[in-house]
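Dear colleague,

I am handing over the structure below for your own inspection. After it you will find an account of what came out of the analysis, beginning with the pocket and moving on to the sheet, the chain as a whole and some local backbone features.

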Amino acid sequence: MTSGDDWLRSIEAAESFLDSLAPSEPGYWMQQYLKIRTKTEGLKSWRFNRIQRILYQEVRKAWTESRPIRFLVPKSRQMGISTFVQGLIFERTFRIPNLSSAVIAHDEDGALNIFQMARTFYEELPEDMKLVRQVRYSGVKQLEFEAPHRSKYHVETIKSGDRLG
């Protein structure tokens, strides 16, 4: 168990870390180009909240140590964890060629909500980015980018997850 001072130091370190990110960093790119839809403000530019900053710092640490990103996050509602994870998966899929990303939701409504985040991320990108990375196919729960990029992002439910093959 960490003390309140340790928690505050970890928040301050995460904020300082994100302020120093280079444009090639996923965290920088996500905050520079992705837009999110909020319940109170509508569509707006994304700026990581404190929890997202700490989570990104841990993700970056795992990458630096060549470890897979596997975290168990005790999830509270409305903390931005789902948005962060979807933003990171979208960023990787959009920027890395030939990547196939799958997200598994617990039910159909959840799957549609998650996919709507990805659709909003894409639709609200600057036009020049969308010209470079055009969507070949956009279904109810799938985005597939044209050649030569060919990356795919899709969302399934637990019930349909066996189709991920």
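**The largest pocket**

Thirty-four residues line the largest pocket, and those lying nearest its centre are Gln78, Gly80, Ser82, Thr83 and Met117. A pocket here is an open set of points on a 1 Å grid over the protein atoms alone, where a 1.4 Å probe fits and protein lies on both sides within 12 Å along at least five of seven lines, and lining residues have an atom within 4 Å of a point. This is a predicted model, in which local features need pLDDT of at least 70 and side-chain atom pairs count only at pLDDT 80 or more, while totals for chains, interfaces and linings use all residues. Residues are numbered from 1 along each chain as its sequence is written, and side-chain values use heavy atoms, with hydrogens and water left out.

The volume of the largest pocket is about 1,100 Å³, a volume being the space filled by probe spheres set on the points, with grid points joined across faces, edges and corners. At least two residues of its lining come from each of strand 1 (35-38), helix 4 (81-95), strand 3 (100-105) and helix 5 (108-123), where helices (H or I, at least four residues) and strands (E, at least two) are DSSP runs numbered from the N terminus. Helix 5 contributes the most, with seven residues. By type, the lining divides into 13 nonpolar, 14 polar and seven charged residues; Ala, Val, Leu, Ile, Met, Phe, Trp, Tyr, Cys and Pro count as nonpolar, Asp, Glu, Lys and Arg as charged, and the others, Gly among them, as polar.

**The sheet and its helices**

Four strands form an open sheet in the order 3-6-5-4, with mixed pairing, two strands being paired if DSSP finds at least two bridges between them. Strand 3 and strand 4 (135-138) are the edge strands, each pairing on one side only, and the twist from one strand to the next averages 20 degrees. Axes are lines fitted to C-alpha atoms, for helices over the stretch in contact, and angles run from 0 to 180 degrees between N-to-C directions.

Strand 3 runs parallel to strand 6 (residues 152-157), and six bridges join the two; Ser100 has Lys152 as its bridge partner in strand 6, and Val103 stands opposite Val155. Helix 4 packs on the sheet, where it touches strand 3, strand 5 (142-145) and strand 6, and its direction makes about 145 degrees with that of strand 6. Helix 5 lies across strand 3, strand 4, strand 5 and strand 6, and runs at about 165 degrees to strand 6.

The side chains of strand 3 alternate, with Ser101, Val103 and Ala105 pointing to one face and buried, whereas Ser100, Ala102 and Ile104 point to the other and are not buried. Buried means under 20% relative accessible area, exposed over 50%, and partly exposed in between (1.4 Å probe, protein chains only).

At the other edge, strand 4 pairs with strand 5 in the antiparallel sense over three bridges, and a hairpin joins these strands through three residues. Val135 has Phe145 of strand 5 as its bridge partner.

**The chain as a whole**

The protein chain has six helices and six strands, which follow one another from the N terminus as α-α-β-β-α-α-β-α-α-β-β-β. Of its 165 residues, 36% are buried. Among contacts (heavy atoms within 4.5 Å) with a separation of 6 or more, 64% are between residues 24 or more positions apart.

**Local backbone features**

Most residues other than glycine have a negative phi, and most peptide bonds are trans. Ser66, in the loop between helix 3 (50-64) and helix 4, has a positive phi of about 55 degrees although it is not a glycine, and Ser66 is exposed, with a relative accessible area of 69%. Asn98, in the loop between helix 4 and strand 3, likewise has a positive phi, near 60 degrees, and at 54% relative accessibility Asn98 counts as exposed. A cis peptide bond, with omega about 10 degrees, joins Ala147 and Pro148, and Pro148 lies in the loop between strand 5 and strand 6.

With best regards
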